Amino acid sequence: MQNIWQIIQREWKRIFTLPVFYLVMLIIPVVLFFFYALIYNKQEAKHLPFAIWDEDNSPVSRQLTFFLTQREALSVSYRVGNEAELKLLIQKGKAMGAVHFPKGMEKQILSRHPVTVTLYTNAASLVPAKLVYKSVAEVIITGSAGVILQKLVKTGVKPERAMALANPIKLNSYQLYNATYNYQEYLVPGLITVGMQMILIISSMLALNYEWKTGTMEELHQLSKGSAIAVILGKTTAHLAIAWINFILIAFVIFPIFHIGVPAATGKFFFLYTLLSLACIGIGFFISALFKDVMLAGDTALFYTSPAFVFSGFTFPRWAMPWYDQYYATIMPYTPFLDAFFKSYYMNLSLHYSQNELQKLLLFCLVMFPTAGLLLKAQFNQLKYEAKQA
């Protein structure tokens, strides 16, 4: 235990004095995480620029236009006279969408003929396009029901009965866990946690092979008395403690400042974060013990961690990916962490619902740490053999 404590203290000293460690583990997280939070400080996509192409110029089209201007998601900023103008606005990014009211629309409605209103959206921006569609669809559906209601009332049907006939089915929709499509609430925690995976793997990837680069491996060997287990335990504890410092930064500084997250689920977040940290440290140690060359180990770590955000299913469902991409996603600890994070943090469910994901994270630890220990033990044996030969 004394040897392990000495290794922990030594590793902390290295972390706080060597730039390759303190820049990655302490400086970059502060800058990067605040940067992520500030990018999405606007939080929601509101007042999206919108265009109206009204060829009818009737009381009905003007009423629908008025309803559109009352939608919080839309900002009716342009009126166009043809489709070319409309598309040009969207191509230049000046409008996120537009609606076309065809000529003779009111006459068609009064003569009980169906009318087609056309909606244009810039689907290159998925969330804004969805918000535009939702707002316009609600207005058009409400407007259609209103026209039918007026007709029925004019024919002598009682208003209550007319309402039932005009809108026989009512839809109540509940958008859970991110009802306002809040970019900051949804994206920032995901970006921060995937960033932590990269930081943890890259920093721990230097924990062993950098000893060779700095010529201190023999010192570490003597301090541990040749025990690879003592080195792994000591360095793991030191790196995990720094990871907990970053957790304090995330959960108790950044999240409260930007009003992100679910405070009631902080304990579960800490548990998941710790498992992710251990899994990442284990992977980093494995790479560090496998490759003595720091550059080669760094390239391997970057190749392994860079696609995590894409393959994890955060922005695109994994089931829709090709099978080989789904397989690649399973060999990254961020994938089970993210699934458990959604359940336990965003939905504030019990960790019982994340048993499968927790087992996968534990499996990373159970495989990576012993393997890294065996590789380090082989290096210690080689070092001992070379010392005898000398």
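**Entry 1: the sheet**

I began with the strands of this predicted model. I found an open sheet of 4 strands in the order 2-1-3-4, with mixed pairing. I noted strand 2 (74–79) and strand 4 (118–121) as the edge strands, since each pairs on one side only. I recorded an average turn of 25 degrees between neighbouring strands, direction ignored. In general, strands of a sheet pair through backbone hydrogen bonds, either parallel or antiparallel.

I then looked up how strand 1 (residues 48–54) meets strand 2: the two run parallel and are joined by 5 bridges. Within this pair I located A51, which stands opposite Y78 in strand 2.

Next I asked which strands helix 3 touches. Helix 3 (residues 59–69) packs on the sheet and touches strand 1, strand 2 and strand 3 (97–101). I noted that the direction of helix 3 makes about 160 degrees with that of strand 3.

**Entry 2: helix 8 against helix 16**

I turned to helix 8 (residues 183–204) and helix 16 (residues 334–346), whose axes come within 11 Å and cross at roughly 145 degrees. I entered the crossing as right-handed. On the helix 8 side, I listed E185, Y186, P189, G190, T193, V194 and Q197 as the residues making the contact. On the helix 16 side, I listed Y334, F337, F341, F342 and Y346. Sorted by class, this contact has 8 nonpolar, 3 polar and 1 charged residues.

**Entry 3: the cavity**

I next examined internal space. Rolling a probe the size of a water molecule over the atoms shows where empty space is left. How many cavities of 30 Å³ or more does a search of the whole structure find? The search finds 1. I recorded a volume of about 30 Å³ for the largest cavity.

I listed its lining as M25, M196, I199, L200, S203, H239, I242, A243 and N246. Helix 8 appears again here: helix 8 and helix 11 (228–257) each supply at least two residues of this lining. By class, I entered 6 nonpolar and 3 polar residues for the lining, and no charged residues.

Methods: Residues numbered from 1 in each chain as written. Predicted model: local features only at pLDDT ≥ 70, side-chain atom pairs only at ≥ 80, totals over all residues. Heavy atoms only, no water. Axes fitted to C-alpha atoms, helices over the stretch in contact; angles between N-to-C directions. Left-handed = near helix turned anticlockwise from the far one by under 90°. Contact = heavy atoms within 4.5 Å. Nonpolar A, V, L, I, M, F, W, Y, C, P; charged D, E, K, R; others polar. 1 Å grid on protein atoms, 1.4 Å probe; cavity = no way out; pocket = protein on both sides within 12 Å on 5 of 7 lines; lining within 4 Å. Points joined across faces, edges and corners; volume = space filled by probe spheres on them. Pairing = 2+ DSSP bridges.
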